[in-house]
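Reader: I'd like a close look at one part of this model, the charged pairs and the strands that carry them. Could you walk me through it in one go?

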Amino acid sequence: MNLYLLQQYQFIQRLYKNESYLDVLMNIDDFFDILHIYAFPNWLDAEVVDVKFMKYFTNIVIKSPRSDDKKEDKCPDPKAGVILTKYDCKVEYTKSYEMLPVDVKSEKDVVVDNKTGRQRPKLKKEKIWLVDILIPNKHIINNNVYDLEAIQNKLEDDQDTDDNLESVVSNNDEMGAQ
């Protein structure tokens, strides 16, 4: 099996075994959404390759296709990276390659292993962009920031205080009229 495919499989397995991984990824998505990162070109189409959790930071690596032609290049817009750096994130863009199996259409697309006699598809080198983002956990672990129920309760509490102020004002008016 291709090493890249194995790493992707292991990453997905880790996500499903630990629900908190998925929660953190959703918080990262919310963080990007609040900062309007997805409004910049090619950020919405980028794929998550790896996530590492540390004590004070979360490291996320995303990938997108790379091309020599600027019109076809799918590099996530660096302007979004500048916005992330304003929130204490560290963003690095790296040109890289990944080895992907070709579609098997004929015998020319297959390689036979001499030791085992097994057949596997040939691999082709694809150019990619890797964007390595180091995000402080204070932006993504705080559950109250994204808890809609807590926000709704806060708004209702503010309305209650406004109602109390109106009753105080109306009591003062009554006292002044006497």
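Author: Let's start with a cut-off: a residue counts as buried when its relative accessible area is under 20%, as exposed when it is over 50%, and as partly exposed in between. Keep in mind that this is a predicted model.

With that in hand, take glutamate 98. Its relative accessible area is 8%, so glutamate 98 is buried. Its side chain meets that of lysine 63 in a salt bridge, at 3.0 Å from N to O. Glutamate 98 sits in strand β3 and lysine 63 in strand β2, so this pair ties together parts that are 35 residues apart in sequence. Lysine 63 is buried too, with a relative accessible area of 9%.

Lysine 63 has another partner. Its side chain also forms a salt bridge with glutamate 47, this one at 3.9 Å, N to O. Here the link runs from lysine 63 in strand β2 to glutamate 47 in strand β1, 16 residues apart. Glutamate 47 has a relative accessible area of 45%, which makes it partly exposed. Put the two contacts together and you get a salt-bridge network of Glu47, Lys63 and Glu98. The general idea is plain enough: side chains of opposite charge can pair when their charged atoms come close.

Now for the strands underneath. β1 covers residues 47-53 and β2 covers residues 57-65; they run antiparallel and are joined by six bridges. A hairpin of three residues leads from β1 to β2. On this pairing, lysine 52 faces asparagine 59 in β2. Lysine 52 has a salt bridge of its own, with aspartate 50, where the closest N and O atoms are 3.9 Å apart. At 47% relative accessible area, lysine 52 is partly exposed. In total, the structure holds six salt bridges.

What about β3, the strand of glutamate 98? β3 (residues 90-101) pairs with β6 in the antiparallel sense, over 12 bridges. Glutamate 92 stands opposite aspartate 132 of β6 there. β6 (residues 123-136) also runs antiparallel to β2, with nine bridges joining the two. In that pairing, isoleucine 60 stands opposite isoleucine 133 in β6.

So, tracing the bridges from strand to strand, you go from β1 to β2, from β2 to β6, and from β6 to β3. The salt bridges give you another route: glutamate 47 to lysine 63, then lysine 63 to glutamate 98.

How values were computed:
Residues numbered from 1 in each chain as written. Predicted model: local features only at pLDDT ≥ 70, side-chain atom pairs only at ≥ 80, totals over all residues. Heavy atoms only, no water. Pairing = 2+ DSSP bridges. Helix = DSSP H or I, 4+ residues; strand = E, 2+ residues; numbered from the N terminus. Salt bridge = Lys/Arg side-chain N within 4 Å of Asp/Glu carboxyl O. Buried < 20%, exposed > 50% of the residue type's maximum accessible area, 1.4 Å probe, protein only.
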